Amino acid sequence: MSAPVPLAQRCFAEGLGSAALLAIVVGSGIMGERLSDGNVAIALLANAIATGTGLYVLISTLGPRSGAHLNPIVSVFEWWQGALRGRETLAYIGAQVIGAILGVMLANLMFDLAAINLSSKHRAGGGLWLSEIIATAGLLLTIVLGVRQRAAAVAGLVACYITAAYWFTASTSFANPAVTLARTLSDSFAGIAPVDAPAFMLAQVIGAVLAIWCMRMLGVGRNG
């Protein structure tokens, strides 16, 4: 049996993975927007493909170290399941938030923008909030059901789900509070205005609760 990975190493993996994820999301959004000559569909396609493929790499490589949660919703769910202690959960979330912010700053700098430039891109309305509920519920269900039925395929399942959710949800599937917060710091294609971020995060929490209800109905999760 291999020795448990120390918490410090797991948190570093979560921070590194979150930084890489946000650099991919924001950087590919900027690149896609600059090269698409105003064609939003092409920019979104580039953003979705880069994010999906990047997620596959990050989950595959960092999963053995920390589980590659890269998302406070996933970490809190793992705590609810009893897989993480409270102190570990808080440490994971802190690492994810810090990493996500650093990743956005890095993406901004790579494209010769100020490290922090607050987004002016408004994303608000019932359809977008409903989209975040559905996107988050679907992501959590994909992870949980994938782990139980095809654990080796989870990286691919999550990558495929997020790529699809970029297109079938009106919000383009943030589905992650750390990602949402960090994306307020880039006034670019992937950004979200700070005033709109709290409603997205609330919708994501509701989505997690919906996912837990679905798990219970399916007989999986904490009691299944």
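**Exercise 1. Work out how α2 and α6 pack in this predicted model, starting from the hand of their crossing.**

Step 1. Look at the hand first: α2 and α6 cross in a right-handed way.

Step 2. Now add the geometry. The two axes come within 8 Å and cross at roughly 165°.

Step 3. Turn the angle into a word. Angles over 145 degrees count as roughly antiparallel, so α2 is roughly antiparallel to α6.

Step 4. List who does the touching. From α2 you get A41, L44, L45, N47, A48, T51, G52, L55, Y56, I59 and S60, and from α6 come A155, G156, V158, A159, I162, T163, Y166 and W167.

Step 5. Sort them by class: 13 are nonpolar, 6 are polar and none is charged.

**Exercise 2. Zoom in on A48: which helix holds A48, and is A48 buried or exposed?**

Step 1. Place the residue. A48 sits in helix α2, which covers residues 40–66.

Step 2. Check the accessibility. The relative accessible area of A48 is 1%; buried means under 20%, so A48 is buried.

Step 3. Find the partners. Once neighbours within four places in sequence are set aside, A48 is in contact with T163, Y166 and W167. T163, Y166 and W167 also turn up on the α6 side of the α2 contact.

Step 4. Try a pair across the sequence. A48 and N176 are 128 residues apart in the chain, and their C-alpha atoms are 15 Å apart in space.

**Exercise 3. Describe the packing of α5 and α6, from angle to residue classes.**

Step 1. Take the numbers: helix α5 (residues 126–149) and helix α6 (residues 154–168) pack at about 165°, and their axes are 10 Å apart.

Step 2. Name the arrangement. α5 and α6 are therefore roughly antiparallel to each other, and α5 passes α6 in a right-handed crossing.

Step 3. Read off the contact. α5 brings I134, A135, G138, L139, T142, I143, G146 and V147, while α6 brings V154, L157, V158, Y161, I162 and F168.

Step 4. Count by class: 11 nonpolar, 3 polar and no charged residues.

**Exercise 4. Do the same for α1 and α4: how many charged residues are in the contact?**

Step 1. Helix α1 (residues 7–35) packs on helix α4 (residues 86–110) at an angle of about 35°, with the axes 6 Å apart.

Step 2. The hand: α1 passes α4 in a right-handed crossing.

Step 3. The contact residues of α1 are L7, R10, C11, E14, G15, S18, A19, L22, A23, V26, G27 and I30; those of α4 are R87, E88, A91, Y92, A95, Q96, G99, A100, G103, V104, A107 and N108.

Step 4. Split that list and you have 13 nonpolar, 7 polar and 4 charged residues.

**Exercise 5. How many aromatic pairs does the structure hold, and what is the geometry of F77 with W80 and of Y161 with F168?**

Step 1. The total is 3 aromatic pairs.

Step 2. Start with F77 and W80. Their rings are 5.7 Å apart, centre to centre, with 35° between the planes, and the pair is tilted.

Step 3. Put that pair in context. F77 and W80 both belong to helix α3 (residues 72–81), with a spacing of 3 residues, about one turn of the helix. Both F77 and W80 are buried.

Step 4. Move on to Y161 and F168. The ring centres are 6.1 Å apart and the planes meet at 75°, so this pair is edge-to-face.

Step 5. Compare burial. Y161 is buried at 14% relative accessible area, whereas F168, at 47%, counts as partly exposed.

**Exercise 6. Which residues does P72 touch, and what is the sign of phi at T172 and A175?**

Step 1. P72 lies in helix α3 and is buried, with 9% relative accessible area.

Step 2. Leaving out residues up to four places away in sequence, P72 touches I93, Q96, N176, P177 and A178. For Q96, 24 residues along the chain from P72, the C-alpha separation is 7.2 Å.

Step 3. Now the backbone. Most residues other than glycine have a negative phi.

Step 4. T172 has a positive phi near 65°, and A175 has a positive phi of about 55°. T172 is in the loop between α6 and α7 (177–182), and A175 lies in the loop between α6 and α7.

Step 5. Finish with burial: T172 counts as buried at 12% relative accessibility, and A175 counts as buried at 1%.

Methods
Residues are numbered from 1 along each chain as its sequence is written. This is a predicted model: local features need pLDDT of at least 70, side-chain atom pairs count only at pLDDT 80 or more; totals for chains, interfaces and linings use all residues. Side-chain values use heavy atoms; hydrogens and water are left out. Axes are lines fitted to C-alpha atoms, for helices over the stretch in contact, and angles run from 0 to 180 degrees between N-to-C directions. Helices (H or I, at least four residues) and strands (E, at least two) are DSSP runs, numbered from the N terminus. Angles under 35 degrees count as roughly parallel, over 145 as roughly antiparallel, 65 to 115 as roughly perpendicular and the rest as oblique. A crossing is left-handed if the near helix is turned anticlockwise from the far one by less than a right angle, and right-handed if clockwise. Contact means heavy atoms within 4.5 Å. Ala, Val, Leu, Ile, Met, Phe, Trp, Tyr, Cys and Pro count as nonpolar, Asp, Glu, Lys and Arg as charged, and the others, Gly among them, as polar. Rings of Phe, Tyr and Trp (its six-membered ring) pair if their centres lie within 6.5 Å; planes under 30 degrees apart count as stacked, over 60 as edge-to-face and the rest as tilted. Buried means under 20% relative accessible area, exposed over 50%, partly exposed in between (1.4 Å probe, protein chains only).
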